[in-house]
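Trainee: I would like a close look at one part of this model, the enclosed space inside it. Please go through what surrounds that space and then place it in the rest of the chain.

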Amino acid sequence: MKLKKLSNRSEVTDFILVGFRVRPELYILLFLLFLLVYAMILLGNVGMVAVILTDPRLNTPMYFLLGNLSFIDLFYSSVIAPKAMINFWSESKSISFAGCVTQLFLFALFIVAEGFLLAAMAYDRFIAICNPLLYSVQMSTRLCIQLVAGSYFCGCISSVLQTSMTFSMSFCASRAIDHFYCDDRPLQRISCSDLYFHKIVSFLLCSIIILPTIIVILVSYMYIVSTVLKIRSTEGRKKAFSTCSSHLGVVSVLYGAIIFMYFIPDRFPELSKVASLCYTLVTPMLNPLIYSLRNKDVKEALRKILGKKIFLFNSILTVI
């Protein structure tokens, strides 16, 4: 019996991503939906980074952080979406052991980095509204680089711990992961290891990551609201709140989906997949839309770039 168990452990060279349990004829619809969303993610986030890099007016700490947010959104959705789309057409729906490790590592790295970056963006808004005269001094280029580098560093450390802990488990029950990407909870379901220590460490890791970022965001907005309410003019209040509404929208969608997913019991895997979609694909798609539609500077920069493109196109047509 022991030999059989050891044999099963050594045989795991790949996994099967079960994906969504729907009728096969619906796979093409899901593929088209994923393709549309991923195309919007690429267009929106690459466009946002391009606008920030090309417009000198957007050379500020806020847009430096926003550019990095778009970069993160672009990459962690790219870790998930292409493989999910391939599997809609694949018979085997397999992913290699190394591929699964890489997917979990990169996704964990970028999603944790995004959490810390959103906390840094909340701090940026706090300084801009509560201490506007000291904004350029306190939010220096050096501090911005340190905040971004710190976000990636925290993401990397967390990802190394999470990935090494997840793949130290024994997988002798099944190779079928009931999800559309490699994630910790579905991998726990197919493990035959004792998960008590694993779950305790995972909970502590999540607490160390989520609680500080949420506290920074909440405390920053408590001070922001307190400062804004002291502004006498309605126009001044409206302007101050408008600079924060985009960030609040992004935070609400991301954290709402993550918290909802981790509170769903394991007996509802399909509901967990839908919640996962919110922060793996929907959030990266919405972020550039939220920031471009609700941000005057970004809209003006986009008009300027589009105006140049149209002028260039008309000039070429005139020459022809």
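Mentor: By class, the residues lining the largest cavity are seven nonpolar, two polar and one charged. This is a predicted model, and the values that follow are computed from it. The volume of the largest cavity is about 80 Å³. Its lining is made up of Leu17, Val18, Gly19, Phe20, Tyr27, Ala84, Asn87, Phe88, Lys93 and Phe180. Helix 3 is the main contributor, giving three residues to this lining.

Lys93 deserves a separate word. Lysine 93 sits in the loop between helix 3 and strand 2, the strand being residues 94–96. Lysine 93 counts as buried because its relative accessible area is 14%, where the cut-off for buried is under 20%. The backbone there is also worth checking: lysine 93 has a positive phi of about 55°, although the residue is not a glycine. As a rule, most residues other than glycine have a negative phi.

The search of the whole structure finds two cavities of 30 Å³ or more. The second largest cavity holds about 50 Å³ of space. Lining it are Met62, Leu65, Met121, Asp124, Arg125, Thr243, His247 and Tyr291. These divide into four nonpolar, two polar and two charged residues. Helix 4 gives the largest share of this lining, three residues. Helix 3, helix 4 and helix 9 each supply at least two residues to it.

Next, an open space. The second largest pocket has a volume of about 590 Å³. It is lined by 21 residues, and those closest to its centre are Arg125, Lys239, Ser242, Thr243 and Asp297. Helix 3, helix 4, helix 9 (234–263) and helix 11 (296–319) each give two or more residues to the lining of this pocket. Helix 9 provides the largest share, seven residues. By class, the pocket lining has eight nonpolar, seven polar and six charged residues. Arg125 and Thr243 are listed in the lining of the second largest cavity and also among the residues closest to the centre of this pocket.

Helix 3 spans residues 61–89, and asparagine 68 is placed in it. Is asparagine 68 buried or exposed? Asparagine 68 is buried, at a relative accessible area of 14%. Apart from its neighbours within four places in sequence, asparagine 68 is in contact with Leu117, Val148 and Tyr152.

Helix 4 also carries one end of a covalent link. One disulfide is found in the whole structure. It joins cysteine 100 to cysteine 182, with an S to S distance of 2.0 Å. The two cysteines come from distant parts of the chain, 82 residues apart: cysteine 100 belongs to helix 4 (residues 97–130), while cysteine 182 lies in the loop between strand 3 (176–177) and helix 7 (184–189). The angle about the S-S bond is -120°, and the link of cysteine 100 and cysteine 182 is left-handed. Cysteine 100 counts as buried because its relative accessible area is 0%. Cysteine 182 is likewise buried, because its relative accessibility is 0%. Cysteine 130 is in no disulfide, and the nearest cysteine sulfur, that of cysteine 244, is 8.7 Å away. Cysteine 206 is partly exposed, since its relative accessible area is 31%.

For the setting as a whole, the chain has 11 helices and three strands. Read from the N terminus, the elements follow the order α-β-α-α-β-α-α-α-β-α-α-α-α-α. The chain has 320 residues, and 43% of them count as buried. Of the contacts between residues at least 6 apart in sequence, 78% join residues at least 24 apart. The chain exposes about 17300 Å², and carbon and sulfur atoms supply 72% of that area.

To return to the part you asked about: the largest cavity has a volume of about 80 Å³, and its one charged lining residue is Lys93. Lysine 93 is in a loop that follows helix 3 and leads to strand 2, while helix 3 itself gives the most residues to the lining.

Key
Residues are numbered from 1 along each chain as its sequence is written. This is a predicted model: local features need pLDDT of at least 70, side-chain atom pairs count only at pLDDT 80 or more; totals for chains, interfaces and linings use all residues. Side-chain values use heavy atoms; hydrogens and water are left out. Helices (H or I, at least four residues) and strands (E, at least two) are DSSP runs, numbered from the N terminus. Buried means under 20% relative accessible area, exposed over 50%, partly exposed in between (1.4 Å probe, protein chains only). Contact means heavy atoms within 4.5 Å. Accessible areas come from the Shrake-Rupley method with a 1.4 Å probe; for residues, only the protein chains shown count as cover. A disulfide is a pair of cysteine sulfur atoms within 2.5 Å. On a 1 Å grid over the protein atoms alone, a cavity is a set of points where a 1.4 Å probe fits but cannot get out, and a pocket is an open set with protein on both sides within 12 Å along at least five of seven lines; lining residues have an atom within 4 Å of a point. Grid points are joined across faces, edges and corners, and a volume is the space filled by probe spheres set on the points.
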